[in-house]
Amino acid sequence: MEKILLYGLDDQSAEMIGNAGKQLGIAVCRIGDSALFHKVADLFEAGFDQDTQARAFDNEYMIMQEMDSGKLYALLDELEKQQYEFEGIKVMRTDTNENWTLFQLLQETGKEHRIQKKVIILREMLMSCNTLDLSVLPQGEKESFRQVLMNAFVLYQSGTYTDKELDECIHQLSDSLKKIRKLYS
């Protein structure tokens, strides 16, 4: 059965998603902090809204069961008609995460979400470097910047990164770009 669990949404947003879900035959249920230590699979079995107080995590979550991409896009289109865009974290129930507690699921997906946002920042920073003319830089500055740029590119291309590695890389590249801007001026 197609079902969505909502965590951390205000009443109005939850109602909009609930109405859109109803139109598409998707059951929508709100959960809160009292569900944090229940298994995800068990939460999908409960057929009613539970405690909706959600203060343990800052993000909004939409946890989905048995929804294909077509149904998800139909839901998002229906929400768009209501002039609502869900900007939280979307998670699919899987064979792996259904045995996790809700706390584990929200913690892990929140971490992945933070990392992906940083990967996007790093990618945009790397793309912005494509238009730089390094020939106007003194040789030492040019080599220093190339090394930082190469380290950032290698990390980005690796596809495996930690929060700390991304923070450090973004910081180094940002500092190098600031130095270059000063030299250009």
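What follows is a short chat about strand β3 and residue K118 in a predicted model.

Me: Is strand β3 mostly enclosed or not enclosed by the rest of the structure, and why?
Reply: This is a predicted model. In it, strand β3 covers residues 61–65, and 5 of the 5 are buried, so the strand is largely enclosed by the rest of the structure.

Me: Which residues point which way from β3?
Reply: Y61, I63 and Q65 point one way, while M62 and M64 point the other way. Residues on both sides are buried.

Me: In what sense does β1 pair with β3, and over how many bridges?
Reply: Strand β1, residues 3–7, pairs with β3 in the antiparallel sense, over 5 bridges. Within that pairing, L6 has M62 as its bridge partner.

Me: And β4 with β3, parallel or antiparallel?
Reply: Parallel, over 4 bridges, with β4 made of residues 89–92. Here M64 of β3 stands opposite M92 in β4.

Me: Which helix joins β3 and β4 in a β-α-β unit, and what is the handedness?
Reply: Helix α3, residues 69–81, makes the unit together with β3 and β4, and the unit is right-handed.

Me: New topic. Where is K118?
Reply: K118 is in helix α4, which spans residues 102–128.

Me: Buried or exposed, and why?
Reply: K118 is buried, because its relative accessible area is 17% and the cut-off for buried is under 20%.

Me: What is K118 in contact with, leaving aside its neighbours within four places in sequence?
Reply: With those neighbours left aside, K118 is in contact with D163, L166, D167 and I170.

Technical notes: Residues are numbered from 1 along each chain as its sequence is written. This is a predicted model: local features need pLDDT of at least 70, side-chain atom pairs count only at pLDDT 80 or more; totals for chains, interfaces and linings use all residues. Side-chain values use heavy atoms; hydrogens and water are left out. Buried means under 20% relative accessible area, exposed over 50%, partly exposed in between (1.4 Å probe, protein chains only). Helices (H or I, at least four residues) and strands (E, at least two) are DSSP runs, numbered from the N terminus. Two strands pair if DSSP finds at least two bridges between them. A crossover is right-handed if, with the strands pointing away from the viewer, the path from the first strand over the helix to the second runs clockwise. Contact means heavy atoms within 4.5 Å.
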